[in-house]
Amino acid sequence: MIYKQRGQEGAILECVRRGEPLNHIPVLDFHTHMGNSSRLYYLARSTEEYVMKYLQRYGVDHILTFTLSATSDPGVKNRQTYPWSDKFPEKISILAALHAAFPNDWIPLLQEAVRHGARGIKLLTS
C-alpha cells in the first residue's frame with residue numbers, strides 16, 4: 001500500500017475517528033451533484049457558502065460535479081454549474097450534460113462547456 005510506504009498506515013481511519021479533515025493526502029470526490037434537486041444527496045445545500053465550508057471541513061481538495069435538476073434540458077443543467085467552475089476552478093470541475101436523444105445539440109453544448117472549463121461529459125438518456 002502507498003500509505004505504508006509513506007508511513008501513513010491507519011492515518012485515514014484515525015482522522016475519521018477524530019472528525020478531522022484528511023489533510024495529509026489529496027482528497028478528490030469524483031461524483032457530486034449540484035443543482036436544485038441535490039438536496040436528495042449528501043451535498044445537500046447547493047449554495048456557495050455551504051459547499052465551500054463542506055470541502056474545507058472534510059479536507060476535500062477537488063470535486064467533479066454535474067447538475068441534478070428537474071429539467072432534462074442539458075443547456076439549462078450546465079448553466080447551473082458553470083458559475084461554480086468559473087469562480088472556483090481550483091476546487092470544482094464540471095461534467096457537461098449532453099442528451100443522447102439530441103445529438104444535433106452536442107456541438108454547441110460542448111463548445112460552451114469548453115469555454116467554462118468542463119472536464120468531461122455526463123450523458124443523459126431519459
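Reader: Among contacts between residues at least 6 apart in sequence, what share join residues at least 24 apart?

Author: In this protein, 65% of those contacts do. Keep in mind that the model is predicted.

Reader: How many helices and strands should I look for, and in what pattern?

Author: Look for five helices and four strands. Along the sequence they run α-α-β-α-β-α-β-α-β.

Reader: Where is confidence lowest, and where is it highest?

Author: Start from the average. The mean pLDDT of the protein is 81, and 84% of the residues score at least 70. Helix α1 (residues 2–5) has the lowest confidence, with a mean of 47. Helix α5 has the highest, at 96.

Reader: What portion of the protein is buried?

Author: Of the 126 residues, 37% are buried. Turn next to the outside. The accessible surface is about 8,000 Å². Carbon and sulfur atoms account for 55% of that surface.

Reader: Now a single helix. Which residues of α3 are buried?

Author: Val51, Tyr54 and Leu55 are the buried residues of α3. Look down the helix axis. These residues fall within an arc of 95°, so they line one face of α3.

Reader: Why do residues three or four places apart point the same way?

Author: An α-helix has 3.6 residues a turn, so such residues share a direction.

Reader: Which exposed residues sit on the face of α3 turned away from the buried side?

Author: That face carries Glu49, Lys53, Gln56 and Arg57.

Reader: What covers the buried residues of α3?

Author: The cover includes β1, β2 (62–67) and α4. One residue of strand β1 (residues 28–34) is Met34. Met34 is buried, with a relative accessible area of 0%. Its C-alpha lies 8.9 Å from that of Thr47, and the two are 13 residues apart in sequence.

Reader: Let me check the ends of α3. Where does Glu48 lie, and which residues is it in contact with, leaving aside neighbours within four places in sequence?

Author: Glu48 belongs to helix α3, which covers residues 48–58. Its relative accessible area is 35%, so Glu48 is partly exposed. Leaving aside neighbours within four places in sequence, Glu48 is in contact with Trp84, Lys87 and Phe88. Take Phe88 as a case of sequence against space. Glu48 and Phe88 are 40 residues apart in sequence, yet 9.9 Å apart in space, C-alpha to C-alpha.

Reader: Which residue follows α3, and what is the sign of its phi?

Author: Gly59 follows α3. Its phi is positive, near 75°.

Reader: On to charges. How many salt bridges are there?

Author: The count is four, taking a Lys or Arg side-chain nitrogen within 4 Å of an Asp or Glu carboxyl oxygen.

Reader: Which residues are linked in a network of salt bridges?

Author: The network links Glu14, Arg17, Arg18 and Glu20. Take two of its pairs. Glu14 and Arg17 form a salt bridge at 3.2 Å, N to O. They are three residues apart in helix α2 (residues 11–18), about one turn. Arg18 and Glu14 form another, at 3.8 Å, N to O. These two are four residues apart in α2, again about one turn.

Reader: Are Glu14 and Arg17 buried or exposed?

Author: Glu14 is partly exposed, with a relative accessible area of 33%. Arg17 is exposed, at 60%.

Reader: Which salt bridge links distant parts of the chain?

Author: Look at Arg79 and Glu112. Their side chains meet at 2.9 Å, N to O. The pair links Arg79 in helix α4 (residues 74–87) to Glu112 in helix α5 (residues 106–115), 33 residues apart. Now compare the burial of the two partners. Arg79 is partly exposed, with a relative accessible area of 46%. Glu112 has 11% relative accessibility, under the 20% cut-off, so it counts as buried.

Reader: Last, the nonpolar surface. Which residues make the patch of about 340 Å²?

Author: Ile107, Leu110, Ile121 and Leu123 make that patch. Helix α5 and strand β4 (120–124) each give two or more residues to the patch. Ile107 is in α5. Ile107 is also exposed, with a relative accessible area of 54%.

Note on methods:
Residues numbered from 1 in each chain as written. Predicted model: local features only at pLDDT ≥ 70, side-chain atom pairs only at ≥ 80, totals over all residues. Heavy atoms only, no water. Buried < 20%, exposed > 50% of the residue type's maximum accessible area, 1.4 Å probe, protein only. pLDDT = per-residue confidence, 0-100. Contact = heavy atoms within 4.5 Å. Patch = residues over 30% accessible without salt bridge, like charges linked within 9 Å, V, L, I, M, F, W, Y side chains within 5 Å. Areas by Shrake-Rupley, 256 points an atom, 1.4 Å probe, with all protein chains shown as cover. Arc of directions from axis to C-beta.
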